[in-house]
Each structure stands twice: as structure tokens, then as C-alpha cells.
Amino acid sequence: MVYSVEQNTFIVMSYYRNGTFVDGAWLYSVAACKQEYLANYPDLEIQETSLEAHIRDVINRFVRTGNVNKGKSSGRPAVSEEVVDDLRERLEQNPQTSLTRLSQQSGVPVTTCHKVVKKRLHMHPYKITTVQQLLPIDPPRRVEYCNWFQNTFHDDGLLDLTFFSDEAWFHLSGYVNSQNFRIWSAENPHVFVETPLHPLKIGVWLAVSRRRIYGPIFFHDTMTGERYRQQILEPFIQQLDDEELQLGYFQQDCATAHTARATLEYLQQHYDDRVISLGVQHAFPPRSPDLTPLDFSLFGYLKDKVFQRQMNNLAELQHEIERWVQSIDGRMLQNIFESKKKRVNMCLELNGEHFQHLL
């Protein structure tokens, strides 16, 4: 028979209620408790010998644990503090140690290592952030640029008129990271992805301000200074309105085609001293994709969207790029430039060093 919590509670209360104080000590009777229980629960068919044994079990459990019902099994013994301290010390000495290696070194099962590390040490596995290598001369340049940016773009009005530009290659085969891509299956499905020896690709140039985006302009060959001026800068400048051309700035990275003398002279004819580039008054620091809106945000967003499905030719790829560029709205652009401001602040706080791992 299964006894309820109410019945077991009644047994404990009856057992102690019927006790008698004799010669300075309390005496308790299982028989008296049994009789009172049978009187209180007359409709239950219970063998008296079984009931007496149950009463003794309940009383012993109550004295030992303070509970009237059986609790859950304690299971495996708790991990000692010595083991926890040993695992902590090993991880502090080598934070990149895998749980398998930690288990081998400490002699503690992998499952126990996992529980201790996560629940006792409150540690979590974090991915390493890959960043552009900075040279010793780069941090001061980054600080100089960020200070100038803060002093110049102290309101959003000028950011509405200023374009930040860049280009990227989109490969028809997309991109598969074999270290992160997994297929869960009971058996190895032996899936593979074919990649051509010379993959088909298309170059994409974009320019973005806080209020609008221009492009994409597509190209297929390596960008030279002449192609950059004729195929990209000329149509871009022709579509600018008077306010953008007279008040806004134009930013580009440090690619050779961008910093050629003829290219810089062409830009200065239209923008005067409002060009942000290597080799001019307002120098954009080399090796700083973390400060370029298209690099730290838009190109990654576009590749995630465009390569959601497989395309068969460059025409389809170009169409998908155009479609997703058109989907970028004003709110997204505003958020990107808020991120740009945050990144400039963090770059200054860290004296021009890497900050992406803190975002």
C-alpha cells in the first residue's frame, strides 16, 4: 500500500501525541499509534503487521531526516572541494584546455569535469575573435582618426550627407566553414561540398550614409585606379545631390586603386578637402575594417542573406545581391552608424588597440 503525505503526517503526530512521561523519560507506543490510525482511517484495508512496520519506518525516517516521506536518492557523492580547486587551478594555468584533456590530466570523468566547470566554477566556453593584425604604427593613427571623427561628426546631420564606401567579392559557390558546419545523424552521411578550382565571383561596391545606400555597382576584374574612377566614382558622384556634394565627406579604404594620385586628385576636385583616405589630410587608418560600416556590418549581413540558397550562375547571384541591398531600410542604417560611434569610442578607450572582443 502507498501511504500519502497526510497519512504519514498523522502517524508521526499520533505517535508522539500518545507518548507518556514515566520516571523522567518519554515512552512511545507503536500499538497506540496503530489503534488511533485504524480508528481515523476505518475504510482502508490494512494488515496490522504491515502497518506496524510502516509506522516504525516513518518514525525512524522522521527522526533521521525530519521528513515523513522518502526523499530522492542522493545519487553519486558530491565532488570534493579539493577536486574543484584542482580543476580551477588547471584551467587558470591553461584556459584553452579541452574538457577531454582536463579529464585526462586530472583523472576526473569528462561528465564530472563538465558539471564542475559549468555549475561550480561558472565558466563557459567562448570563441576566439579573429581580427586584422595591427602594426606598431597603427594604434596612434587609429586614435587620431577617431578623435577627428568625434570632433567632426558630433551630430547626425553630417553623417546623413557623408558616404562610407568599400567593395567585397561574392563567390558563386558561397562559403562553407567545415569547422562550424555539422550534420546530425545516427550514421555518417558522407556529405561533401564541391568547390571549383577557379571559383566564379563578382565584385560588389557600395557606399552608405546614415540616410541612404548607393549601389551595388558590380565588377568582375581586379580593380585598377582607372576602372575605379570610371566605373564607380563617376556614376556615384553624378547621382549626389547638391547638399551631399557641398557639405558631405567621402570615405574609402587604403586599396591601391583608391589611393592612386589620379584617384585622390579626382575626388578632391569634387569634395575638396572632405576626402577620408590614406594620403590626404583626413587619413583613414590602414588595417581598420572594424571602423568601416560596410566591413563590420553590411557585407556580412548581405552574405548571410544572399547565400541562404544555392545559385546556379552569376546572374542569379547578382539579382540576389540587388534584392537584399534594396531591403536595407533607414532604421538599419541608423543602427549601423550608432554602432560606428560606439566603435570609435571603444577604440579611443583602448588607445587604438583591438576592441571587437569587448563588443
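Two strands are said to pair here if DSSP finds at least two bridges between them. Helices (H or I, at least four residues) and strands (E, at least two) are DSSP runs, numbered from the N terminus. The model is predicted, so to speak of local features pLDDT of at least 70 is needed, side-chain atom pairs count only at pLDDT 80 or more, and totals for chains, interfaces and linings use all residues. Residues are numbered from 1 along each chain as its sequence is written, and side-chain values use heavy atoms, with hydrogens and water left out.

Let's start with strand β4, residues 201–208, which has a partner in β3 and another in β5. Both pairings are set out below.

| Pair | Sense | Bridges | Facing residues |
|---|---|---|---|
| β3 (residues 163–171) and β4 | antiparallel | eight bridges | A168 opposite V204 |
| β4 and β5 (residues 213–219) | antiparallel | five bridges | G203 opposite F219 |

Four residues lie between β4 and β5, and the two strands form a hairpin. How much of β4 is covered? Mostly: seven of its eight residues are buried, where buried means under 20% relative accessible area, exposed over 50%, and partly exposed in between (1.4 Å probe, protein chains only).

Now to helix α5, residues 99–106, where L102, S103 and S106 are buried. Viewed down the axis of α5, its buried residues fall within an arc of 100 degrees, so they line one face of the helix; the arc is that of the directions from the helix axis to the C-beta atoms. Their cover includes α4 (81–93) and α6 (110–120), with contact meaning heavy atoms within 4.5 Å. Just after α5 comes G107, with a positive phi of about 80 degrees.
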